[in-house]
Amino acid sequence: MSKEKPSGHVALIGFMGTGKSTVSRELAARLNCSAIDVDAEIVRRECASIPDIFASRGESEFRAAETAALADVIERTEPLVIATGGGAVLAERNRKLMLEGSFVVALKADPEQIIARVSQDPDRPLLQGDVAGRVYKLLEDRKHAYDFAHLAIDTTHLTVQEVVDLIEQGLKQRF
């Protein structure tokens with residue numbers, strides 16, 4: 001178990017329900033640094049929930065708030081584990097920010113596992129209605145969106161600790 005602080009940030013990317021928020025907290029504890037959830041940062045900054053932002057201002061305004069929050073987090077000097085929202089990778093600026101300022105880890109999972117993890121969550125505005133249909137459509141739309149990561153891990157059959165172990169191994173190989 002390492003207690004050395006990472007030399008920079010670790011950014012977790014991936015589709016919703018792949019484990020970014022949960023893994024970020026465990027990885028930060030392992031690396032002895034703080035975890036930041038970009039979605040929580042948006043809620044704090046905008047004083048509104050993500051579904052409310054989508055409903056009142058639309059997805060494009062949410063994405064702008066997401067980029068601003070991500071840029072502020074990446075610019076922080078202390079090492080952080082950053083959990084991004086599933087769609088943060090859609091903007092070229094966000095991908096560039098993450099690649100320049102962090103070790104990027106893509107978390108993936110089988111569609112059935114994602115559906116099981118997110119189907120009861122009312123705070124996912126992109127999944128309103130037919131959850132399974134929306135998951136499959138969004139996964140198809142974003143099938144190459146996470147390919148820029150330094151490391152990719154399929155979380156479908158792994159525990160959180162196993163995912164954290166793999167990320168830590170990836171960090172050691174990279175730095």
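Helix axes count as oblique when the angle between them is neither under 35 degrees, nor over 145, nor within 65 to 115. In this predicted model, helices H1 and H8 pack at an angle of about 55 degrees, so the two are oblique to each other. This briefing covers that helix pair and then the surroundings of Asn-94 in helix H5.

**Packing of H1 and H8**

- H1 spans residues 20–31 and H8 spans residues 160–174, and their axes lie 9 Å apart.
- The crossing of H1 past H8 is right-handed.
- On the H1 side, the residues that meet H8 are Thr-22, Val-23, Glu-26, Leu-27, Arg-30 and Leu-31.
- On the H8 side, the contact is made by Val-160, Gln-161, Val-163, Val-164, Asp-165, Ile-167, Glu-168 and Leu-171.
- Sorted by class, the residues in the contact of H1 with H8 are 8 nonpolar, 2 polar and 4 charged.

**Asn-94 in H5**

- Asn-94 sits in helix H5, which covers residues 92–101.
- The relative accessibility of Asn-94 is 1%; buried means under 20%, so Asn-94 counts as buried.
- Beyond its neighbours within four places in sequence, Asn-94 is in contact with Glu-66, Thr-67, Leu-70 and Ala-88.

**Polar partners of the Asn-94 side chain**

- The side chains of Asn-94 and Thr-67 make a polar contact at 2.9 Å.
- A polar atom of the Asn-94 side chain also lies 2.9 Å from the backbone oxygen of Ala-88.

Conventions
Residues numbered from 1 in each chain as written. Predicted model: local features only at pLDDT ≥ 70, side-chain atom pairs only at ≥ 80, totals over all residues. Heavy atoms only, no water. Helix = DSSP H or I, 4+ residues; strand = E, 2+ residues; numbered from the N terminus. Buried < 20%, exposed > 50% of the residue type's maximum accessible area, 1.4 Å probe, protein only. Polar contact = N/O pair within 3.5 Å; in protein donor to acceptor, adjacent residues only side chain to side chain. Contact = heavy atoms within 4.5 Å. Axes fitted to C-alpha atoms, helices over the stretch in contact; angles between N-to-C directions. Left-handed = near helix turned anticlockwise from the far one by under 90°. Nonpolar A, V, L, I, M, F, W, Y, C, P; charged D, E, K, R; others polar.
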